[in-house]
Each structure stands twice: as structure tokens, then as C-alpha cells.
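Got the viewer open and a selection box ready? Here's a walk through the model, one stop at a time.

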Amino acid sequence: MKDSILFLFTKQFPYGHQETYLFNELPYLIKEFKKVIIIPYDEFSYLPNQNRIQDITGIEILCINNSINKLSLFQKIKREFVTWYIMLFEIVKGRESFNHIKYNKRNFSQLRYSYACANNLSDYIKKNKFTNILFYNYWLHGGVVISSIFNKFVNKNKYPIVSRAHAYDVYHKDWYTIYPTSKYLFLGFETWKVVQTDLIFPISTHAYNHFVKLFPTFKAKFKIARLGVIAPIKINEQKLKNNLEPYLFVSCSNIDENKRIYKIPELLSMLTIAVKWVHFGPGDSNDVEKVKREISKFNLEKSCTLVGLMPHSEVINFYENNSVDLIINLSQIEGIPVSLMEAASFGIPMVATNTVGNPEIVNNENGFLIDVNFDLPVLADQLNKYFNNKEEIESKRHAAKATFFKHYDASKNYPDFIKEIKDFANEY
């Protein structure tokens, strides 16, 4: 119903610079709910100048870690009971009993913080006399812990809890089977979150299958809900290049070891065509310097641009006003990158590694799906042949656009998702 109140739990959004894909979903949420209240739950410093939605109406922000109330003695005793209850639940029933014991200080700290947030949330709801509430977690992560504690231990009124699930919040320890060289980052309370969440919406078929395999008893909870991007208002149609005009490649991601941006300069050096490469996205100084060294090593300073962090609207503006020929994603592991969805919406062919969710958006009809441990000379040879085949260029462009409309069109995906969670809430 239109008079429902949506509590949207995020990590830091609208602060910081991540979770930018929420911008595509927010207009649909605002339209369908009486009020949207965003709760960024991570423990971080809220900087007012980093609020990226100051000009968007219909949204309220509850900075929950800025306004946590002191607990009474009774509440502190109850908090300790709750933290031990959840810890023991996960140790007995979860997949990572040892790690919950090993990292017990961190886990107890998170649970105590989550209990305080849940208690504060209860006060906020009572003060505003909100009813018809739906808890929507953008990640199967800390917000689920807060909302589940609220439901089970803090408030007499229980509200439906739904959650999306993207990548690491899906795979937990299995992340390292897929990506063994990554730094271990223990994420707690996997089983608790699955049990306490009413509906879980993985964003990919791969993630859905993973959940069903691990938690077959809860299969009915899992439903695929793909993300989406807004169809371009303006498209600068890609033009076939002449022999003197360079092709334009882009990449759009953080610069880190997983994304392997540092491999792109060597790839470019192997091409027989002229190329300009633009990268959008930040990285720490060591990773950025590594890319710069590779650019210098192959004498590509004049044809490569590292833009760094750029507002999402400006990235889209770049696509609208430039004829982009290829987007490159060489990650070792991904969910389904929104950057590829956006490229597909502009009819830009894609190069991506065959990992986790990537094959659901990239294939050899709309681009190049390559092995995770790809061979650079082989990829370069493929691209050299491709850019000398006008028919294949046109074919991949059309296929990329078709992929967007079939699977990642925000005007279809988000209304369908919102209808499903609202219908569920109305029957709760």
C-alpha cells in the first residue's frame, strides 16, 4: 500500500562514495512508499558535505550511530542475553563455528552495537507513531542483524524483513574458494541472517543457486531480483572508426588487486589498432601507482587517462557524449557489475572474466567472456580481429543493447521487485 513506511538499511549511503547503484532504485522507492527512511548502519563519521541526496525529496536519513541513547541497567542485562543468544545460535548451527569463537571480541562488539541501534530504532518508531513498516536491507549484512534484533528482542510489533544479497554477503567463506588470493575478511552471523530474514533477493542466478544449495530448507525465501539501470536519454551512437581515429575503451571500477586494472596497459600495447583508454574509479596510492608504472612501461601516457573518482552523473554524461567502443572488466571475482549494465544500456560491447555473475551479463554475442586466468596475447588477438570486422562490431553492439532491455532495465526490474516486497508486506 502507498501508506507504507520503508526503512532502507545501507552500509554508508548516502554518505561516502560507494553504493552508487542505489541512485537508480531510489526514484521507484520514493514513488511507491509514503516515506523512505535510510539508515546507514556502519560505524563511521557522518560528514554532512558527503550527503549525496540533499537535493532529493521524499527521503529522510536516520543517522543511527550519531544518536544512540544510553541503555538502562535492565537493557544492558538484556543486551548481554541477546548477544550470547545469537553467538551460541551461530556457533551451534552455523558453518563457521570456529571463526565465531576466534573473532569473539569483534562479534560481541557488533552485536552490542546492533542491539543499541535496534533499541534506538524502536524509540524513533514509537516517537513518530509509524505503522505499516517494511524493513528493506540493501545487503544481507549488518542491517539484517539490527532489524532482526529489533523484531525478536526489542519491539512487541514485528515487521517484515527483506534483503538483497550481492556478492561477499552471499558467499562468506566460499568467497575464498572462488578468489583464493584475496585477503580474508570474516563476515559473521550467516545462518542467523538467513533464518531471521523473511525474503532474500540475490541479484544473480549464481547467488540464488549458492543459497539454495547451502540452505535447501529455506528455498522458498530466495528469489532472484536483478539490479537495473536507467535507459539512456541520449545515446551517442558508436561510429565505425577510420584508420586514423582511435577506438575508445573504458573501464569503471575501484583500482585494486581484484580488478587487475594494471593489466590493461600491456593489453593495449599488443593491439594493432589505435586506442584511447579512460578509467573511472579510485584506488589507494600504491595500486594507482602500479597502473601508472604499467602505462609508462609501454609508453602509453598520451593515450591513457586515469580519471579517478567521478560522480555517477558525470560518468553517464561521458557515455552520452562519446562514442565508446569497449568496456573492460578483468576482475578475479564479481557479482554482476553495475558498470557493465550501464555499458550495455549504451550498446557498448563488453570484455569480462568468466567468474560468478559475469556470465549472466556478458557472452560472446555481446562481447568477450574470457577465462579468469586469461592469456593477454590471445585476448589481444581476438580484439585485433574483432575491430577489423565491421559486421561483428555492429552485431555485438546490438546484442549488448538487447541484454540490457531483457535483464537490466530499471523501469521493469525495480517496479517488479517493489511490487513483490509490498505484496509480501501486506500479507505479513
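**Stop one: a helix and its neighbours**

Start by selecting α9: its buried residues pack against β5 (161–165), α6 (168–171), α8 (190–196) and β6 (199–202). Contact here means heavy atoms within 4.5 Å. Helices (H or I, at least four residues) and strands (E, at least two) are DSSP runs, numbered from the N terminus. The residues to show as sticks in α9 (205–214) are Ala 207, Tyr 208, His 210, Phe 211 and Val 212, the buried ones. Buried is under 20% relative accessible area, exposed over 50%, and partly exposed in between (1.4 Å probe, protein chains only).

Before moving on, remember that this is a predicted model: local features need pLDDT of at least 70, side-chain atom pairs count only at pLDDT 80 or more, and totals for chains, interfaces and linings use all residues. Residues are numbered from 1 along each chain as its sequence is written, and side-chain values use heavy atoms, leaving out hydrogens and water.

**Stop two: the open sheet**

Switch to cartoon and pick out six strands, which make an open parallel sheet in the order β9-β8-β7-β10-β11-β12. At its edges, β9 (304–308) and β12 (367–370) each pair on one side only; pairing takes at least two DSSP bridges between two strands. On average, neighbouring strands are turned by 20° against each other, direction ignored. Axes are lines fitted to C-alpha atoms, for helices over the stretch in contact, and angles run from 0 to 180 degrees between N-to-C directions.

Now add α11 (285–297), which packs on the sheet and touches β8 (275–280) and β9, its direction making about 165° with that of β9. Add α14 (376–386) too: this helix touches β10, β11 and β12, at about 165° to the direction of β12.

**Stop three: rings**

Select Trp 84 and Phe 108, a tilted aromatic pair with 4.9 Å centre to centre and 55° between the planes. Rings of Phe, Tyr and Trp (its six-membered ring) pair if their centres lie within 6.5 Å; planes under 30 degrees apart are stacked, over 60 edge-to-face, and the rest tilted. Trp 84 sits in α2 (73–93) and Phe 108 in α4 (104–128), so the pair ties together parts 24 residues apart in sequence. Colour by accessibility: Trp 84 is partly exposed at 47%, while Phe 108 is buried at 10%.

Last, show Arg 164, whose charged end sits over the ring of Phe 417, 4.1 Å from its centre. The criterion is NZ of Lys or CZ of Arg within 6 Å of the ring centre and within 35 degrees of the ring normal.
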